[in-house]
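Open the model in your viewer and keep the sequence panel beside it. We will go from stop to stop, selecting as we go.

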Amino acid sequence: KTQSAIAQDNRENLKANHKLESNTMATKIELNVKHNDKIRAEYFIQALNENFELLPLDWKSWKDSERIVDAVKLTNTNKSLTITLLFLEDYYDADIIAKANKLPTSDTARWSSNGSLMFLVESPDPSKVDNALSTFAGKE
């Protein structure tokens, strides 16, 4: 398959496997993933008070992807914040995946985990990264 065909397949799989709902009054997020941390992930995303849309994500090509149960990548509507959520088998898998895939650790891109939920937050605005990370860390 061509790179374009693979990208199109990935977009179709995302549409089929993940559902994201939002409206103008309040953001309601529903991820169609089967994982114990699904509800917590939805809560954290909703707590950011942003409208999000799905982006393509080929997580099965990541190193140590067998440790990932499911994943989703989101961006807010003005594209100033991107969040990649990885639903893992175990809490300890996050560090292994981060090291294997050389995930960034800078003011504008950092990863962390909470239970078996791993998240990579990216934004040109370091305060958006800090806010999202503190929300995902458990500011409930």
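The tour runs from the whole chain to a hairpin, then to the cores, the rings and two helices.

**Before you click**

This is a predicted model; local features need pLDDT of at least 70, side-chain atom pairs count only at pLDDT 80 or more, and totals for chains, interfaces and linings use all residues. Residues are numbered from 1 along each chain as its sequence is written, and side-chain values use heavy atoms, with hydrogens and water left out.

**Stop 1: the whole chain**

Colour by secondary structure. The chain has four helices and five strands. Helices (H or I, at least four residues) and strands (E, at least two) are DSSP runs, numbered from the N terminus. Along the sequence the pattern reads α-α-β-β-β-α-β-β-α.

Now colour by accessibility. Of the 140 residues in the chain, 41% are buried. Buried means under 20% relative accessible area, exposed over 50%, and partly exposed in between, with a 1.4 Å probe and protein chains only.

Turn to contacts, meaning heavy atoms within 4.5 Å. Among contacts between residues at least 6 apart in sequence, 47% join residues at least 24 apart.

**Stop 2: strand E5 and its partners**

Select strand E5, residues 117-122. Five of its six residues are buried, so E5 is largely enclosed by the rest of the structure.

Add strand E3, residues 82-88: it pairs with E5 in the antiparallel sense over six bridges. Two strands pair if DSSP finds at least two bridges between them. Look for Thr82, which stands opposite Glu122 in E5.

Next add strand E4, residues 109-114. E4 and E5 also pair in the antiparallel sense, over six bridges. Here Ser113 stands opposite Met118 in E5.

**Stop 3: the hairpin loop**

Zoom in on the link between E4 and E5. This hairpin has two residues between the strands, and Gly115 takes a positive phi near 65°.

Select Ser116, in the same loop between E4 and E5. Is Ser116 buried or exposed? It is buried, with a relative accessible area of 15%. The Ser116 side chain makes a polar contact with the side chain of Asp37 at 2.8 Å. A polar contact is a pair of N or O atoms within 3.5 Å; within protein, one must be able to donate a hydrogen and the other to accept it, and residues adjacent in sequence count only if both atoms are side-chain atoms. Beyond neighbours within four places in sequence, Ser116 has contacts that include His35, Leu86, Phe87 and Tyr91.

**Stop 4: the nonpolar cores**

Show side chains. A nonpolar core is a set of buried Ala, Val, Leu, Ile, Met, Phe, Trp, Tyr and Cys residues joined through side-chain atoms within 4.5 Å. Which residues touch the most other members of the largest core? Of its 21 residues, they are Leu31, Leu85 and Phe136. Helix H2 (38-47), strand E2 (68-76), E3, E5 and H4 each supply at least two residues of this core. The largest share, four residues, comes from H4.

Centre on Leu85. Setting aside neighbours within four places in sequence, its contacts include Leu31, Ala41, Ile45, Val72, Phe119 and Phe136. Apart from the largest core lies another, of 13 residues, among them Leu57, Trp59, Ile97 and Met118.

**Stop 5: the rings**

The whole structure holds four aromatic pairs. Rings of Phe, Tyr and Trp (its six-membered ring) pair if their centres lie within 6.5 Å; planes under 30 degrees apart count as stacked, over 60 as edge-to-face and the rest as tilted. Select Tyr43 and Phe44: they form an edge-to-face pair, 6.0 Å centre to centre with 65° between the planes. Tyr43 is partly exposed at 40% relative accessibility, whereas Phe44 is buried at 0%. Add Phe119 and Phe136; ring pairs link them with Tyr43 and Phe44 into a cluster.

**Stop 6: helices H4 and H3**

Select helix H4, residues 126-136. Val129, Ala132, Leu133, Thr135 and Phe136 are buried here. Seen down the axis, the buried residues of H4 fall within an arc of 160°, so they line one face of the helix. The arc is that of the directions from the helix axis to the C-beta atoms. These buried residues pack against H2, E3, E4 and E5.

Click Thr135, buried at 2% relative accessibility. Leaving aside neighbours within four places in sequence, Thr135 is in contact with Phe44, Ala47 and Leu48.

Finish at helix H3, residues 93-100, where Asp93, Ala94, Ile97, Ala98 and Ala100 are buried. Their cover includes E2, E3, E4 and E5. Just after H3, Lys102 takes a positive phi of about 50°.
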